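The following note sets out, point by point, what may be read from the coordinates. It is intended to be read alongside the sequence and the model.

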Amino acid sequence: MRLFKQAIFLLCICMIFSCSQTQEGSSDQVYNQPGTPLILISIDGFRWDYLEKTDTPYLDQLVASGARSQGLIPSYPSKTFPNHLSIVTGSYPNNHGLVANRMYDEVFDEYYYIGQGSTAARDGKWINREPIWVTVENQSLRAMTMFWPASDAKIMGVRPSNWFTYNESITNTQRMEQLLRWLDLKDNKRPTFLASYFSDVDNAGHRYGPEAEETKIAIRSIDSEIGVLINGLKDRGIFDAVNIVIVSDHGMTETYTDQVIFLDDYIDMSRVELVDKGPFAVMRVVMGLIDGDAKPEVDNLFPLLENAHPNMKIYKKNEFPENFHMTDNRRIQDLTAVADDHWRILTRDTFNPSYFPKGDHGYHPDYESMHGIFIGHGPDFKIDYVGPRVQNIHLYEMMCKLMDITPSINDGDITATTTFLK
Ligand code: AMP
Ligand code: ZN
Ligand code: ZN
């Protein structure tokens, strides 16, 4: 009976695993022989200084024989989807289209949201710049993704040769083993670009805070998964023949229940729709429009919020300071309230002290607490080199160079990353 139960359990695991794997298999596409493989890995929410917080022997190994930036500067807002897309498109969120994890688009008349099961996050119509896996596939090389935000969407008509629908029950070890299996493929079946993603460090940072012991445990656990990859590459004799780029999308900062700004202390919330809240709050005017024009009501609300709280700034659509790079996108709403580091913007009815994160991100990239990591290891990276902080929009051009492919339109500059390369 026990054996039977075990067999059923294993069968279920296999079914979950195989159902989520999808091969687009556009059989008419002719692929070239692969180039030097590039493995891109994201450790969500890994703050730039986490490497010093606890033992990370495998990441340290990559740092010692590779190149590291002192910090990877995210794009505003320092949220997961905007920044994963900035990394793979080389573009600011207002240009690639994901200006937040949660958005409203007036032309689609639809909401964007993330998380396992999100259909919006798997819909490529939201993305306006070319992710690197599309660039790779368009140049007759194979890209294979074992999770990366939006890699399970068809974007500009293209999917990776292999990809998985986001499914948190696929373990971190299975993710690394899948990359290794793909590298075992022969000739032009083998990918040139591979990507994967870990969420545990971000989850722990939110739940327990960036300094907590639980977050250190998550850091060590992901480090050991990087070890699965490193050892797998060594077993195959290809550790020094592949380029590995490890990044994070943003950092993490402490948040406190007594550092909350309540919008409803200043305005009547029935006048707006609250599209997003937390480190920033996004408001769409839904009442008091004159002939469909929100501007007069925006002008009424703005002075009520402008000097409301010393730790909150308020911006009208198209009036963000330049260093936010938040212009000209219809998904930026009428009013955005932006909190200082550590503060959160909520409403009284959405505040629950017993369900309150101890850490968060989404703040301006000028705060070091929002900076992530960038480590590069492999034949094209310098050895034992620590370089300056770099903005994440520059990595797309660098990765294209590593794979010897032509980049698509982007906001990055190759000269920002040449210092890390041999
Ligand atoms: P954030 O709220 O910015 O901390 O986003 C982190 C969350 O993004 C993770 O906990 C996941 O739930 C979600 N996420 C990460 N990758 C994907 C994906 N490929 N599809 C949908 N949701 C995702
Ligand atoms: Zn994230
Ligand atoms: Zn997060």
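1. The model under discussion is predicted. Threonine 80 is buried, as is aspartate 249. The two residues are a convenient starting point, since Thr80 (OG1) and Asp249 (OD) both serve as protein donors of the zinc ion (ligand 2).

2. Which other residues bind the zinc ion (ligand 2), and at what distance? Asp44 (OD) and His250 (NE2) complete the set of protein donors, which lie 2.0 Å from the ion. The angles subtended by the four donor atoms run from 96 to 128°, and the arrangement is therefore tetrahedral. For four donors this assignment requires all angles to lie between 85 and 135 degrees. For reference, the ideal angle for four tetrahedral donors is 109.5 degrees.

3. Along the chain, the donor residues of the zinc ion (ligand 2) follow the spacing D-x35-T-x168-D-H. Threonine 80 belongs to helix α3 (residues 80-89), whereas aspartate 249 sits in the loop between β10 (243-247) and β11 (253-254); the pair therefore ties together parts that are 169 residues apart in sequence.

4. A second metal site accompanies this one: the zinc ion (ligand 3) is 4.2 Å from the zinc ion (ligand 2). The protein donors of the zinc ion (ligand 3) are two OD atoms of Asp202, together with His206 (NE2) and His361 (NE2), at 2.0 to 2.3 Å. Their spacing in sequence is D-x3-H-x154-H. Here too the site links distant parts of the chain, with histidine 206 in helix α7 (residues 200-208) and histidine 361 in the loop between β18 (359-360) and β19 (374-377), 155 residues apart. Histidine 361 has a relative accessibility of 2% and so counts as buried, the cut-off being under 20%.

5. Is strand β2 (residues 38-43) enclosed or open to the surroundings? Six of its six residues are buried, so the strand is largely enclosed by the rest of the structure. Leu38, Leu40 and Ser42 point to one side of β2, while Ile39, Ile41 and Ile43 point to the other, and all are buried.

6. Strand β2 has two parallel partners to be noted. With strand β9 (residues 193-198) it is joined in parallel by six bridges, and isoleucine 41 stands opposite serine 196 in β9. With β10 the pairing is again parallel, over five bridges; in this case serine 42 is set opposite valine 247 in β10.

7. Another part of the fold is an open sheet of four strands, in the order β13-β14-β16-β15 and with antiparallel pairing. Its edge strands, each pairing on one side only, are β13 (272-276) and β15 (312-316). On average, and with direction ignored, neighbouring strands of this sheet are turned by 25° against each other.

8. Within that sheet, strand β14 (residues 280-285) and strand β16 (residues 335-339) run antiparallel and are joined by four bridges. Alanine 281 in this pairing stands opposite alanine 337 in β16. Helix α9 (residues 295-306) lies across β13, β14, β15 and β16 and runs at about 165° to β15.

9. Threonine 336 also lies in strand β16, and at 4% relative accessibility it counts as buried. Neighbours within four places in sequence aside, the contacts of threonine 336 include Phe280, Ala281 and Val282, as well as Lys313, Ile314 and Tyr315. Tyr76 and Phe320 are also in contact with threonine 336.

10. How do helix α2 (residues 57-64) and helix α8 (residues 213-235) cross? Their axes come within 7 Å, at a crossing angle of roughly 55°, and the two helices are therefore oblique to each other. On the α2 side the residues involved are Pro57, Tyr58, Leu59, Gln61 and Leu62, which meet Asp223, Ser224, Ile226, Gly227, Ile230, Asn231 and Lys234 in α8.

11. Finally, methionine 398 is found in helix α10 (residues 395-403). Methionine 398 is buried, at a relative accessible area of 0%. Beyond its neighbours within four places in sequence, the residues in contact with methionine 398 are Val245, Phe374, Phe381, Ile414, Thr417 and Leu421. By contrast, glutamine 29 is 369 residues away along the chain, and its C-alpha atom is separated from that of methionine 398 by 26 Å.

Terms used. Residues numbered from 1 in each chain as written. Chains lettered and ligands numbered in written order. Predicted model: local features only at pLDDT ≥ 70, side-chain atom pairs only at ≥ 80, totals over all residues. Heavy atoms only, no water. Donors = N, O, S within 2.8 Å, 3.2 Å for Na, K, Ca; no water. Tetrahedral: all angles 85-135°; square planar, octahedral: opposite > 155°, others 65-115°. Buried < 20%, exposed > 50% of the residue type's maximum accessible area, 1.4 Å probe, protein only. Pairing = 2+ DSSP bridges. Axes fitted to C-alpha atoms, helices over the stretch in contact; angles between N-to-C directions. Contact = heavy atoms within 4.5 Å. Parallel < 35°, antiparallel > 145°, perpendicular 65-115°, else oblique.
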